[in-house]
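Student: Hi! I have a new structure open and would like to get to know it. Could you walk me through it?

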Amino acid sequence: VLLVNKGIEPTLMRYAKSETRNIASIVINRAITKRTTSVGENNEAIIISPGENGTGQNAELNTDFINRVLAETTAQIQKNLRAAKQG
């Protein structure tokens, strides 16, 4: 019995690692999808303002918004990972 267990252990460990990666990918993708779909049509990540003398436009990143989305997405990923860990 011990020889059989030692023989299949590497295969089982590879399978466990593979399944762990798959679950982590699913959890992360779900969190990102959930967060990005809740952003909706109003893209607040870029702020557009009129250019100098009323010609052209300037664009800048809304870092406050981007950081908030990143923090919320990270929190959602952590929540999903805890849920996956519990089964």
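Student: Sure of every part? Where in the chain is confidence lowest, and where is it highest?
Tutor: Confidence is lowest in helix α1 (residues 2–39), with a mean of 82, and highest in β2, with a mean of 91. The score is pLDDT, the predictor's confidence in each residue, from 0 to 100. Helices (H or I, at least four residues) and strands (E, at least two) are DSSP runs, numbered from the N terminus.

Student: And what is the mean for the chain?
Tutor: The chain has a mean pLDDT of 83, and 87% of its residues reach 70 or more. This is a predicted model, so local features need pLDDT of at least 70 and side-chain atom pairs count only at pLDDT 80 or more, while totals for chains, interfaces and linings use all residues. Residues are numbered from 1 along each chain as its sequence is written, and side-chain values use heavy atoms, with hydrogens and water left out.

Student: OK, strands next. How many bridges join β1 to β2?
Tutor: Five bridges join β1 (residues 46–50) to β2 (residues 57–61), and the two run antiparallel. Strands pair if DSSP finds at least two bridges between them. I47 stands opposite E60 in β2.

Student: What lies between the two strands?
Tutor: β1 and β2 form a hairpin with six residues between them, and N53 in the turn has a positive phi of about 60°.

Student: I46 is in β1, right? Is I46 buried or partly exposed?
Tutor: I46 does sit in strand β1. I46 is partly exposed because its relative accessible area is 41%; buried means under 20%, exposed over 50%, and partly exposed in between (1.4 Å probe, protein chains only).

Student: Switching to helix α2: which residues are buried there?
Tutor: In α2, the buried ones are F65, V69, T73, Q76, I77 and N80.

Student: Why does T73 count as buried?
Tutor: T73 counts as buried because its relative accessibility is 12%. The C-alpha atoms of T73 and R35 are 6.1 Å apart, though the two residues are 38 apart along the chain.

Student: And T63, buried or partly exposed?
Tutor: T63, also in helix α2 (residues 63–86), is partly exposed because its relative accessible area is 48%. Its C-alpha atom is separated by 9.7 Å from that of E44, 19 residues apart along the chain.

Student: Last one: what phi does G87 take?
Tutor: G87, just after α2, takes a positive phi of about 115°.
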